[in-house]
Amino acid sequence: GLTATAAKPVPGFDWTSRGTLTLNRSTVTSLPSNIPAFNVPGVGFGATFGAYRIEEGSSATKIVATVDKMGTLATVGDGEPKFRVGWSNVVNVGDFAFSTLVDWQHGSTVINLTTLAYDSNGNAPDQAAAAKRQALLTAGDPRGYIEDGSFVKLREVSVAYNLPKRLATQLGPLKSLQLSLSGRDLLTISSYTGLDPEVSNFGNQAIGRNYDVTPYPPSRTYWFSVTAGI
């Protein structure tokens with residue numbers, strides 16, 4: 001993490017910018033001699049569409065899939081992103097405060113079965129592309145439905161106004177009063193063709209995320225808040 005604060009060029013102004021870089025790496029160092037490599041049970045729909053596989057010497061979040069009619073397994077991605085970056089900014093100008101939060105995820109494999117549902121029922125917006133994906137799947141290769149889940153999201157933008165103390169104290173027992181307006185999940189930039197690259201049909205678990213199975217679409221939200229100090 002890194003935090004930088006701008007020098008105050010004028011009274012009542014300050015700017016704080018924070019950046020964080022996070023990443024996870026895992027390796028299965030060993031398995032008991034009587035347990036061969038296996039696909040994680042209880043999540044997903046098997047290697048026909050893409051499955052998490054526990055295998056000695058590999059990432060614990062590796063995703064494999066059959067790529068032909070013979071059942072040949074191949075590594076098709078990893079559920080963990082290569083890294084994530086968060087960037088927040090807070091600017092105070094007099095009685096006003098402005099803040100933003102941006103989130104960048106690079107990498108992460110998503111098994112997009114929502115697109116498969118569209119294709120199978122003739123609802124794909126691009127019928128030619130759907131036909132190609134369906135032909136690959138019929139030949140035993142589901143990689144037309146396995147996508148990169150990289151994205152940049154504008155998580156939040158907010159503006160707040162702090163009522164001057166001399167005015168706040170005139171409103172009963174108040175010592176402070178802040179009015180704020182914020183918007184969340186306002187913008188997503190991604191090549192992912194589903195509704196949201198941050199998807200997990202089987203819940204928030206360490207191994208078995210990133211299955212996209214017709215989820216409810218994400219929504220933008222707007223909030224108006226009043227915060228009083230007494």
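Two strands pair if DSSP finds at least two bridges between them, and the strands themselves are DSSP runs (E, at least two residues), numbered from the N terminus, like the helices (H or I, at least four residues). With that in hand, let us walk through the structure above. It is a predicted model, in which local features need pLDDT of at least 70 and side-chain atom pairs count only at pLDDT 80 or more, while totals for chains, interfaces and linings use all residues. Residues are numbered from 1 along each chain as its sequence is written, and side-chain values use heavy atoms, with hydrogens and water left out.

**A sheet of four strands**

Strands of a sheet pair through backbone hydrogen bonds, either parallel or antiparallel. Here, an open sheet has four strands in the order β3-β4-β5-β6, with antiparallel pairing. β3 (38-39) and β6 stand at the edges with a single partner strand each, so one side of each has no neighbour in the sheet.

You can follow the pairing strand by strand. β3 and β4 (residues 51-54) are antiparallel and share two bridges; one pair of bridge partners is Asn39 and Arg53 in β4. Further along, β5 (residues 62-66) and β6 (residues 73-78) are joined by five bridges, again in the antiparallel sense. Lys62 stands opposite Asp78 in β6. Six residues lie between the strands in the hairpin of β5 and β6, where Gly71 takes a positive phi near 80°.

**Arg53, a residue to look at twice**

Is Arg53 in β4 buried or exposed? Arg53 is buried because its relative accessible area is 15%, and buried means under 20%, with exposed being over 50% and partly exposed in between (1.4 Å probe, protein chains only). Its side chain is joined to that of Asn39 by a polar contact of 2.9 Å. A polar contact is a pair of N or O atoms within 3.5 Å; within protein, one must be able to donate a hydrogen and the other to accept it, and residues adjacent in sequence count only if both atoms are side-chain atoms. Leaving aside residues up to four places away in sequence, Arg53 touches (heavy atoms within 4.5 Å) several residues, among them Phe38, Ser59, Val64 and Leu73.

**The pairings around β8**

β8 (96-107) has two pairings to explore. With β7 (residues 81-93), β8 pairs in the antiparallel sense over 12 bridges, and Asn89 stands opposite Thr100 in β8. The hairpin of β7 and β8 has two residues between the strands, and Gly94 in the turn has a positive phi of about 60°. With β11, β8 pairs in the antiparallel sense over 10 bridges; there, Ser99 has Ser158 in β11 as its bridge partner.

Phe98 is also found in β8. Phe98 counts as partly exposed because its relative accessibility is 38%. It belongs to a nonpolar surface patch with Val93, Phe96, Val159, Leu179, Leu181, Phe224 and Val226, and together these have about 700 Å² of accessible area.

**Two serines and some positive phi values**

Ser150 sits in the loop between β10 (146-148) and β11 (151-162). A polar atom of the Ser150 side chain lies 2.7 Å from the backbone nitrogen of Gly107. Ser108 is one of the residues that Ser150 touches, not counting those up to four places away in sequence. Ser150 counts as buried because its relative accessibility is 14%, and Ser108 counts as buried because its value is 9%.

Most residues other than glycine have a negative phi. Two residues other than glycine with a positive phi are listed here:

| Residue | Phi | Place |
|---|---|---|
| Ser108 | near 95° | loop between β8 and β9 (109-112) |
| Thr214 | near 40° | loop between β13 (211-212) and β14 |

**Helix α1**

Which residues of α1 (residues 113-120) are buried? They are Leu113, Thr114, Thr115, Leu116 and Asp119. The buried residues of α1 pack against β9, α2 (127-138), β10 and β13. At the N-terminal end, Asn112 caps α1: one of its side-chain oxygens lies 3.3 Å from the backbone nitrogen of Thr114. Just after α1 comes Gly122, with a positive phi of about 70°.

Technical notes:
Patches are made of residues with over 30% relative accessible area and no salt bridge: like charges are joined within 9 Å, nonpolar side chains (Val, Leu, Ile, Met, Phe, Trp, Tyr) within 5 Å. Accessible areas come from the Shrake-Rupley method with a 1.4 Å probe; for residues, only the protein chains shown count as cover. A salt bridge is a side-chain nitrogen of Lys or Arg within 4 Å of a carboxyl oxygen of Asp or Glu.
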